[in-house]
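Thanks for sharing this one. Here are some notes on the ligand and its surroundings, for you to read with the model open.

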Amino acid sequence: MATLLIVHHTPSPSLQAMFEAVVSGATDPEIEGVDVVRRPALSATASDVLAADGIVLGTPANLGYMSGALKHFFDTVYYPCLDATRSLPFGYYVHGNEGVEGAQKAITTVTTGLGWQQATAPVTVVGEPGKDDISACWELGATSAANLME
Ligand SMILES: Cc1cc2nc3c(=O)[nH]c(=O)nc-3n(C[C@H](O)[C@H](O)[C@H](O)COP(=O)(O)O)c2cc1C
């Protein structure tokens with residue numbers, strides 16, 4: 001059984017809606033043989049990452065960067081995972097109220113350092129998520145999980 005890990009920081013209703021849509025897509029009944037593991041960024045561990053075949057990251061944009069919670073996740077797992085997780089496929093979603101470019105750049109920098117491979121287009125939402133935004137999150141989850149089907 002393949003494992004898709006979702007590591008998320010979800011401090012608001014907008015991010016909860018995006019997270020739930022990603023989970024809904026990833027756990028669609030048509031996708032078989034993929035275990036979807038959810039971990040809040042402040043409790044995710046290197047063991048979670050080492051057990052994953054793919055990963056979806058979710059964060060707000062805070063002060064022009066990823067959230068401190070997701071940064072803490074990377075600070076925690078970076079060296080324990082550096083050797084063993086090269087080429088790990090990943091995707092991500094970011095929510096902000098002004099601009100999310102800084103958060104995207106930060107995610108790109110750290111995942112490039114880890115050698116992870118971006119496998120899906122990022123979902124970025126500014127302001128209250130609309131129907132299309134929620135659909136894009138669903139697609140992100142579904143594609144990320146479907147890519148791991150054997
Ligand atoms: C301290 C702080 C810094 C923030 N910095 C940014 C930022 O740099 N860019 C941005 O788009 N939104 C920023 N935001 C907005 C958050 O991304 C937003 O509050 C979060 O995604 C939750 O969405 P909501 O407040 O609409 O529920 C910031 C929020 C806080 C509390």
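**Notes on the ligand site**

1. Start with β3, which gives three residues to the shell around the ligand, the most of any contributor. Please keep in mind that this is a predicted model. α1 (13-26), β3 and β5 each supply at least two residues of that shell.

2. The shell is mostly polar by class: eight residues are polar, four are nonpolar and one is charged. There are 13 residues around the ligand, and those that come nearest are Ala-61, Leu-63, Gly-64, His-95 and Glu-98.

3. Some polar contacts are worth a look on screen. From the backbone, an N or O atom of Ala-61 lies 2.6 Å from an oxygen atom of the ligand, while one of Leu-63 lies 2.7 Å from a ligand nitrogen atom. Ser-12 uses its side chain instead, with an N or O atom 2.9 Å from an oxygen atom of the ligand. On its own the ligand has 610 Å² of accessible area, and the protein covers 66% of this.

4. Where does the ligand sit? The space taken by the ligand is the largest pocket, which holds about 150 Å³ of space. β3 (54-62) and β5 (89-96) are the elements that give two or more residues to its lining, and β3 gives the most, with three.

5. To find the pocket, select its lining: Pro-60, Ala-61, Asn-62, Leu-63, Gly-64, His-95, Gly-96, Asn-97, Glu-98 and Gly-99. By class, six lining residues are polar, three are nonpolar and one is charged.

Methods
Residues are numbered from 1 along each chain as its sequence is written. This is a predicted model: local features need pLDDT of at least 70, side-chain atom pairs count only at pLDDT 80 or more; totals for chains, interfaces and linings use all residues. Side-chain values use heavy atoms; hydrogens and water are left out. On a 1 Å grid over the protein atoms alone, a cavity is a set of points where a 1.4 Å probe fits but cannot get out, and a pocket is an open set with protein on both sides within 12 Å along at least five of seven lines; lining residues have an atom within 4 Å of a point. Grid points are joined across faces, edges and corners, and a volume is the space filled by probe spheres set on the points. Helices (H or I, at least four residues) and strands (E, at least two) are DSSP runs, numbered from the N terminus. Ala, Val, Leu, Ile, Met, Phe, Trp, Tyr, Cys and Pro count as nonpolar, Asp, Glu, Lys and Arg as charged, and the others, Gly among them, as polar. A residue is near a molecule or strand if one of its heavy atoms lies within 4 Å of it. A polar contact is a pair of N or O atoms within 3.5 Å; within protein, one must be able to donate a hydrogen and the other to accept it, and residues adjacent in sequence count only if both atoms are side-chain atoms. Accessible areas come from the Shrake-Rupley method with a 1.4 Å probe; for residues, only the protein chains shown count as cover. A molecule sits in a cavity or pocket if more than half of its atoms lie within 2 Å of its grid points.
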